[in-house]
Amino acid sequence: MNYQEENTVQRILETEIDRMSSLLKSIANPKRLQILLSLLTQETMTAADLIGRTKLSKTALQNHLSYLEDAKLITHPSRGIYLINEIGKKLISGNLRAYQEYQDVQNFITNVHEKQFAQYNRGISNLPEEFDLSSEIKWVNCWDSYISSITGILQAKGKQVDLVDVAGYSGQCFIINTRKDELAIQDAYFHKAWNHVHLGTERLGYKLEVYTDPKTYPSDLMNPTKEDIKRATYLFQKVKFELSQFNRPIILWGFLLPLYGIVTGFTQQNYKTAPFTINQKIQRTIYQFNELNAPRYLQAIFIREDTEALSKVDDLKAIERAIILIENSNFALTDHVYGPEAYDEWASIIEKTLSTAKQNQKISCGYFGELYLERKEFSIQFLQRIALRARDKPQSIFLTKAAEEYKKIKALLTQFTLIFPMYEFEDISNLKYQQGADILRECKHFEYKALKFLKDARDLWQ
């Protein structure tokens, strides 16, 4: 984006967003778009011509033409005659170019997908019926399944890291995110910050390659379509190929709650996974390839080549990453709230539902409470470690102060988990619901204070 475009965007955001929205609305209606496209190709048309083209009644056509005239996209030089003006031509032509580029991209993706699918179909006959990794992989137990899966793989590969290292350097422990108006366990993972998280994760030992099929699987929860099965088959074949060719574990989204899990092998039509532990119960380790429950997308994370060892500069980069991951609200999906303001949204959801909340909302509150409590504990320990390494430097003071703010949030979330205990389904009083909401709003206050101290540490870094 050049300087002029940036100025235009800023002006629209500040003063003209409603005007631009109204203009785009004029072409969002299929019949109005049909009228404009027809006029673009024919220059001028009569009302009778347009009725024949659009199959509209005379009254309906007149309403649409009046709308387009008000938007200054067409003119009416004489009775019954209509033509598209220069503004209308530029608007439609620009959108045609954008649409064609979009179609080209979609066709390219489809063609690549088909070629890949055919390639794996041809190669699948050369793969073994059953495969297990040569080394044992353990799913390190914690509430955040991404942190757990990455830690398990790195430890199995001999890397001297723990959950705190993974949570801190990836920045995952600093993320706060929730859906608007409703809580669901998987929504903690849905945001636009994953590139930053993956880059941070790579500093711990290995490059990552992420495969994403950007559609919910299955599209119909109760009845996977033929296209769903095709997508699941392609992913399964890709995972089988990667496992048998490179003998490396793979992280897959969509097991159980859903969670991320570690794929350690396959047999016939099944994934083999490292054992999950949920509510102190070891879960099964065999999952049929089409049995995944993957909201938003199918995703696999592949381990690639080694990366350089951590250095002192990585501590500063981790703090810079944490600041970005805390305060950048642009990481929110359209139906989510991201950053410290997510505490307010979470509190509002609790207040709206009170004791009428469905059982799944209570469970989600319990899960979110445990997840964010754990993330705050990771944040505290990670900041304390960096502060200790920099104990003679000015940043150490502010890192310690940030950790103290997170301790306050940890204490509050500990209270919250007592109100919303995970896996306990007794009724909760309205008073306790309100107490839970009040606790979350307090958390936001301390989150912003911690952010300030992290920025102070960054600015004074030596």
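These are my notebook entries on the strands, helix contacts and one loop residue that I looked up in this predicted model.

**Entry 1: the chain as a whole**

I began with the totals, and for the protein chain I noted 14 helices and 14 strands. Of its 462 residues, 48% are buried. I then looked at how far along the sequence the contacts reach: among those in the protein chain with a separation of 6 or more, 71% are between residues 24 or more positions apart.

**Entry 2: the sheet of S1, S3 and S2**

I looked up the strand order here and found an open sheet of three strands, arranged S1-S3-S2, with antiparallel pairing. Strand S1 (44–46) and strand S2 (74–78) are the edge strands, and because each has a single partner strand, one side of each is left without a neighbour in the sheet. On average, and with direction ignored, neighbouring strands of this sheet are turned by 35 degrees against each other.

For the pairing of S1 with strand S3 (residues 81–84), I noted three bridges and an antiparallel run; within S3, tyrosine 82 is the residue that stands opposite methionine 45.

Which helices pack on this sheet? Helix H3 (residues 47–54) does so by touching S1 and S3, with its direction at about 85 degrees to that of S1. Helix H4 (residues 58–70) also packs on the sheet, touching S2 and S3, and here I noted about 110 degrees between the direction of H4 and that of S2.

**Entry 3: the strands around S8**

I turned next to strand S8 (residues 259–267), where nine of the nine residues are buried, so the strand is largely enclosed by the rest of the structure. I followed its pairings one by one. Strand S7 (residues 250–255) pairs with S8 over five bridges in the antiparallel sense, and isoleucine 250 has valine 263 of S8 as its bridge partner. Valine 263 turns up again in the pairing with S9, where its bridge partner is threonine 273; S8 and strand S9 (residues 270–273) are antiparallel and share four bridges. Strand S4 pairs with S8 as well, over three bridges and in the antiparallel sense, with aspartate 132 opposite glycine 265.

I also checked the backbone in the two hairpins. Between S7 and S8 there are three residues, and leucine 256 in that hairpin takes a positive phi near 60 degrees. The hairpin of S8 and S9 has two residues between the strands, and there glutamine 268 takes a positive phi near 50 degrees.

**Entry 4: lysine 138**

Is lysine 138 buried or exposed? Its relative accessibility is 57%, and it therefore counts as exposed. I placed lysine 138 in the loop between strand S4 (130–132) and H6. Leaving aside residues up to four places away in sequence, lysine 138 touches Gly152, Ile262 and Ala274. From lysine 138 to threonine 151 I noted 8.9 Å, C-alpha to C-alpha, at 13 residues apart in sequence.

**Entry 5: helix H7 and its contacts with H6 and H10**

I first took helix H6 (residues 145–156) with helix H7 (residues 163–170): their axes come within 9 Å and cross at roughly 120 degrees, and H6 and H7 are therefore oblique to each other. The crossing of H6 past H7 is right-handed. On the H6 side I listed Ile147, Ser148, Ile150, Thr151 and Leu154, which meet Leu163, Val166 and Ala167 of H7. By class, this contact of H6 with H7 holds six nonpolar and two polar residues, and no charged ones.

For H7 with helix H10 (residues 313–327), I noted axes 8 Å apart and an angle of about 65 degrees. Gly168, Tyr169 and Ser170 of H7 meet Asp314, Asp315, Ala318, Arg321 and Leu325 of H10. The residues of this contact of H7 with H10 divide into three nonpolar, two polar and three charged.

**Entry 6: H11 against H14**

How are H11 and H14 oriented to each other? Helix H11 (residues 341–353) and helix H14 (residues 430–459) pack with their axes 8 Å apart, at an angle of about 170 degrees, which makes H11 roughly antiparallel to H14. Among the residues that meet here are Tyr343, Trp346 and Ile350 in H11, and Leu440, Arg441 and Tyr448 in H14. I recorded nine nonpolar, three polar and six charged residues for the contact of H11 with H14.

Definitions and conventions: Residues are numbered from 1 along each chain as its sequence is written. This is a predicted model: local features need pLDDT of at least 70, side-chain atom pairs count only at pLDDT 80 or more; totals for chains, interfaces and linings use all residues. Side-chain values use heavy atoms; hydrogens and water are left out. Two strands pair if DSSP finds at least two bridges between them. Axes are lines fitted to C-alpha atoms, for helices over the stretch in contact, and angles run from 0 to 180 degrees between N-to-C directions. Contact means heavy atoms within 4.5 Å. Angles under 35 degrees count as roughly parallel, over 145 as roughly antiparallel, 65 to 115 as roughly perpendicular and the rest as oblique. A crossing is left-handed if the near helix is turned anticlockwise from the far one by less than a right angle, and right-handed if clockwise. Ala, Val, Leu, Ile, Met, Phe, Trp, Tyr, Cys and Pro count as nonpolar, Asp, Glu, Lys and Arg as charged, and the others, Gly among them, as polar. Buried means under 20% relative accessible area, exposed over 50%, partly exposed in between (1.4 Å probe, protein chains only).
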